[in-house]
Structures are given as C-alpha cells and as structure tokens.
Amino acid sequence: MEHTLSVDELAELLQILWTIIAAALVLFMQAGFCALEAGTVRSKNSINVAIKNIMDMCCSIAGYFMIGYALMFGLSAESIGIIGTPALLLEGVGRREMLDFLFQATFCATAATIVSGAIAERCRFFPYLLMALGIAVFIYPVYGHWVWGGGWLERLGFHDFAGSAVVHGIGGAVALAGIQVLGPRHGRFDDHGTARPMTASSMPMVALGVVILTVGWMGFNGGSAELGVQTPTIVANTLIAACFGGLVALLVTWSFAGLASVEMILNGVLGGLVAITAGADVMQPVSSMVIGMLGGGVVVLATVSLQRLRLDDVVGAVPVHLGGGIVGVLAVALFCPVAEVPEDLGRSGFFLVQLLGTAVCVAWGWGMGWLLWLIIGWITPLRTGPGEEQVGLNFSEHRVRDSFAELSQLMAASARGEPVSDRLRELEDGEAASFGMAVAKALHDHEHSRLFRLDLADRLAYLAREIEESGVSSGEMAVITSRMTDLSDFIQRIQHYLSDHRQESSAIPVLIDLLQRLDDQLQECQQCLPDNRNQPLAKVVERLHSLAERSRRGLQQGAST
C-alpha cells in the first residue's frame, strides 16, 4: 500500500534536503580556503598549506565528533550556561539531531581552517594539527555554547545569526595569537619595520578560491535558518554584502595607493561576507550593502595596521575574519529594523550586549589561543628553522621536491659565482631538467670563455714580470715580439670560436667585443717595443701591466653581464 506524504512530512524532507545541500556548500568552502591559501603563499609552501587544509578538516571534525558537539549543544552543566554536558562520541544524539551535527561540524572545520593561512610558511605541521584539534574540542565549542547552545550570552540577547563571532571571530582571534607567538617570516620586514612584498604563487588561484567561498557562503548563511520565505533574502543579503565589500576595497586602494590592489579587493569581498554573516537573517538589502562596505573597509584598515605592528598574516585572515566579524556583530544592533530589536533592551542596550559578546569573543579566542600555542610549544617546536623555511615547507615537512624552485635557487647561486653546472644536471623533473641542462651548457660555455680570458691576463702579467726582472737583449726582444704576435693570433682564434657559438649565450657577443679591445691594445703595445723605437723597458713593462689589468677588468664586466 502506497504511503502518501503529508504536507508536514514533505516540508520536513525538504528541510533535510536543504540542510544537507547547505552543509555540502559549507564543506566545499574548504576547497576555497585551500585554493586561496595555496595561491597566496610562495610555491615552495603551497603543498604544505594544501595538506594542512585537508588535515585540519579531519582533525576538527574528528574532535567535534568525539566531544566538541556535546560541549557546544548539550544541556548546560550549570545554571549560568557556561558549557554543555560532556558526552563522548555523540552519545545520546538521535537521528534527527544528526542533521544538526552534520551542519555544525562543517562550521567547526571552517573555524579551524581560518588559522592555517595566517601562520603559513613557518609553522610546523604537527603543532598545527594539535591546534586544530584544540579549537574543535574546547575553544570553539565553549564560546559556541554561550551564543548558540543556550549559554549566558544567548540569554542576554546576543545575536550572531551564522557565526561572524562564533566561527570567524574565534578563528581570527586564535590566528592573531598564532602570528604573535610565531613571529614573522624571515625577510618579511626590513630593519626599519617596512613590509617587504612576498610574491604569491598564483593570484588567479586566489581569485578562484574567493569565488568558491562566495558560493559556499550561500549555504553557510542560507542553511543557518529553516528553509522558507526568508531564505532568498538571506542569500541575497550575503551576495550584496560580498560585492560591496570588494568595491569599497577597490575604491580605497585606488584612492590612497593609486592602484587596484588584487589582494585587498579579494579580501574585501571576504570581509563583506564575514560582516553580513551575523545579521543576514534580520537585515534589509540596503543595510546589507552598508555592512558589506564596512566589512571591506575594515579589511584594508586592519591589513595596514598589522603591517605597521610588524605582524605577519600571510593571507589576511585576521583582517578578514576577526575584523569583519567584529564589524558584523556590532552592525546588527546599529542597522537591524526596529522590529528585530529586543523590546527589553532597546537599541542602545542591544548594542551594549553585542559589544559585550564581541569583547568576550576576542578575549576568549585570543587568550585561549595564546595559551594553547604556548602549551603546544612546550610539547614540540612550533616554528621551522631558518634553513627549513628557506628551502620551503613542501620539502622540509613532506619531502616533496619542486624542481622549478630548485632551478631558481641554483640560478641565484650561479649569479653569486658558485659552481652549479653539475647540480643543474641532477634536476629530476622533465621540463625543469631540460631547461636546467640548457642553462648548464650556457654556463659551461661561459666558464670556458672566462678561462681563456684569465689565461690571457696571466700571460700578459708574466711577460711584464719577465721584462721587468731581467735584462733583455735585442735578440730576446725579438723573441718577445714573436710571442706577442702569437698571443694576438691566439686572441683571434678565440674570437673565431666565439663567433661560431654566438647564438648559444647572450654573454658571447660581449666577450667578443672585449677580446677585440684586447687585441687592439696588444697591437699598440707591440708597436712600443724598444727593438723598433728604442723605448725604455720601463715603458714596455708599464704598458704590459696595464694591458693585463684591463683584461681582468673586462673579465669581471663580462661575468656581471
């Protein structure tokens, strides 16, 4: 017998479907964070931040499953509403509650992954996993209980719809503590405290990450309320705030820096998204526009402030998530319609409650984050060594080689005068290896030409010393003249050799020109020999020493070219 679904049953199934779709969208945000962070860091660290994003998802959801969910949504263990009743492995959670766990677990993973981008390129892998676990089992659930689990802030009337404070504020505060404890990357700031730019490995990848995050945010905010007539407004508010956040970041950087800063624009979009998250359920679209603009503006201001304080946030996680979260929570009291203001508080009282919740978020997230970073630092070193940071965490943490990064390092070593030809031939990657072989051949030809020049300079210096240290008869002078003629022929042969290989290196035309000058000077010196003009030998010695010195200077100029 067929069972016909009632309206209530159909509505419940649609709600389940929508929540699962929203959870999938929130989980898909992990891909956005991965792309954003991998594109922002230098290529030698991209694999490290990618695997951190995967593993913080694993660690945070595992910790949230083991005890975090119970601490966050369990009945308060006391009347004040400080923490939920501990229960291991979802004990007592029924089938219907599993849907809530699924959705909230993806939020917990988002809070944990915010930290990885801020401390990238210098934090070791194992300590970061311990931090992700600590966020999931204690820092995030406790504050989440205060706001969403029936805790004391919720009882006061604190409003944080989808987590501007609970998710983003907590993640940003822990990230702030992390960058303070770890310190900046090597070379990030000069001696005067000015930030040095560190080129991102792929800004298009960062842009792709921001688009993915924007799509995921529609589930982040849209799924935080029951499916109904208000859902389109929530999603529309989210998108409006994102766009105006990016526009304000563009206008601010255009106005003050004279350029469209790609990094600021992309983070401005995220700042708008974070800011609207606290009040997307109660805002009108016009208010969402203003909140998005405030979120984008505070991202620019906070980014500049961090740099002046010599705090190294690689991806801008603190300005986006902590700065945007603070603005969003306070904006709820300032811009929500009168009907949404709690009657017992009034707008001013509501603002004070929002301010209190924000201050508690920063104090709890930063304070517990700082403490947990220190505890983990006592267990195991937090930071990589200078050599490991220089070679990159892809290799130092995971032994994954990047042939093109090695190639660039070898070419830099070659510019410093270090012998690298053999090391270039050892590159493993196919494309990098072929390019390395070509560079090695060019360096070999250049070295061969350099040795010719060095030999020539030594011969001239030796000839000058011979004349200077011993008396020279007319017969011996004839021999010297003959040798100088041979030397001129030797130079011309080198020139012919280099002319045949002119296309193999850009340095060869320079060497040919220098050799021509040497030959001209040698001819001039030969004409001054005393067997023809009765010139004093001191004059000849002086000219030969000068010629040898010019040869060496030409050798140095050719090397620098």
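## Glycine 171 and its surroundings

Glycine 171 touches Ala111, Ile114 and Val115, leaving out residues up to four places away in sequence. The model is a predicted one. Glycine 171 sits in helix α6, which spans residues 164-182. Its relative accessibility is 1%, so glycine 171 counts as buried, the limit being under 20%.

Glycine 171 also pairs up in space with a distant part of the sequence. Leucine 322 is 151 residues away along the chain. In space, the C-alpha atoms of glycine 171 and leucine 322 are 7.5 Å apart.

## The chain as a whole

The chain has 21 helices and 0 strands. Of its 561 residues, 48% are buried. Among contacts with a separation of 6 or more, 76% join residues 24 or more positions apart.

## Helix α6 against helix α11

Two packed helices are described by the angle between their axes and the distance between the axes. For α6 and α11, the axes come within 8 Å and cross at roughly 140 degrees. That angle makes α6 oblique to α11, because roughly antiparallel would need over 145 degrees. The crossing of α6 and α11 is left-handed.

Which residues of α6 and α11 make the contact? From α6 come Ser164, Ala165, His168, Gly169, Gly172, Ala173, Ala175, Leu176 and Ile179. From α11 come Val318, His321, Leu322, Gly325 and Val329. By class, the contact of α6 with α11 has 8 nonpolar and 6 polar residues, with no charged ones.

## Helix α11 against helix α12

Helix α11 covers residues 317-335, and helix α12 covers residues 346-379. Their axes are 8 Å apart and the packing angle is about 165 degrees. The angle is over 145 degrees, so α11 is roughly antiparallel to α12. The crossing of α11 and α12 is right-handed.

On the α11 side, the contact uses Leu322, Ile326, Val329, Leu330, Val332, Ala333, Leu334 and Phe335. On the α12 side, it uses Arg347, Phe350, Phe351, Gln354, Leu355, Thr358 and Val362. The contact of α11 with α12 divides into 12 nonpolar, 2 polar and 1 charged residues. Leu322 and Val329 of α11 appear here, and Leu322 and Val329 also appear in the contact with α6.

## Glycine 357 in α12

Glycine 357 lies in helix α12. Is glycine 357 buried or exposed? Its relative accessibility is 0%, so glycine 357 counts as buried.

Setting aside neighbours within four places in sequence, glycine 357 contacts Tyr143, Leu153 and Phe158. Tyr143 falls within the residue range of α4, 125-148. Glycine 357 and isoleucine 326 are 31 residues apart in sequence. Their C-alpha atoms are 9.6 Å apart in space.

## Helix α3 against helix α4

Helix α3 runs over residues 95-118, and helix α4 over residues 125-148. They pack at an angle of about 125 degrees, with axes 9 Å apart. This makes α3 oblique to α4, since roughly perpendicular ends at 115 degrees and roughly antiparallel needs over 145. The crossing of α3 and α4 is right-handed.

In α3, the contact residues are Gln104, Phe107, Cys108, Ala111, Ala112, Thr113, Val115 and Ser116. In α4, they are Tyr128, Ala132, Ile135, Ala136, Tyr140 and Trp148. The contact of α3 with α4 has 11 nonpolar and 3 polar residues, and no charged ones. Ala111 and Val115 belong to this α3 contact, and Ala111 and Val115 also touch glycine 171.

## Cysteines and disulfides

How many disulfides are there? The count comes to 0 disulfides, on a cut-off of 2.5 Å between cysteine sulfur atoms. Cysteine 108 has a relative accessible area of 0%, so cysteine 108 is buried. Cysteine 108 is one of the α3 residues that meet α4. Cysteine 243 has 44% relative accessibility, so cysteine 243 counts as partly exposed. That value lies between the 20% limit for buried and the 50% limit for exposed.

## Asparagine 267 in α9

Asparagine 267 is placed in helix α9, residues 262-277. With a relative accessibility of 6%, asparagine 267 counts as buried.

What does asparagine 267 contact beyond its neighbours within four places in sequence? The partners are Val299, Val315, Gly316 and Val320. Val320 falls within the α11 range of 317-335.

Methods:
Residues are numbered from 1 along each chain as its sequence is written. This is a predicted model: local features need pLDDT of at least 70, side-chain atom pairs count only at pLDDT 80 or more; totals for chains, interfaces and linings use all residues. Side-chain values use heavy atoms; hydrogens and water are left out. Buried means under 20% relative accessible area, exposed over 50%, partly exposed in between (1.4 Å probe, protein chains only). Axes are lines fitted to C-alpha atoms, for helices over the stretch in contact, and angles run from 0 to 180 degrees between N-to-C directions. Helices (H or I, at least four residues) and strands (E, at least two) are DSSP runs, numbered from the N terminus. Angles under 35 degrees count as roughly parallel, over 145 as roughly antiparallel, 65 to 115 as roughly perpendicular and the rest as oblique. A crossing is left-handed if the near helix is turned anticlockwise from the far one by less than a right angle, and right-handed if clockwise. Contact means heavy atoms within 4.5 Å. Ala, Val, Leu, Ile, Met, Phe, Trp, Tyr, Cys and Pro count as nonpolar, Asp, Glu, Lys and Arg as charged, and the others, Gly among them, as polar.
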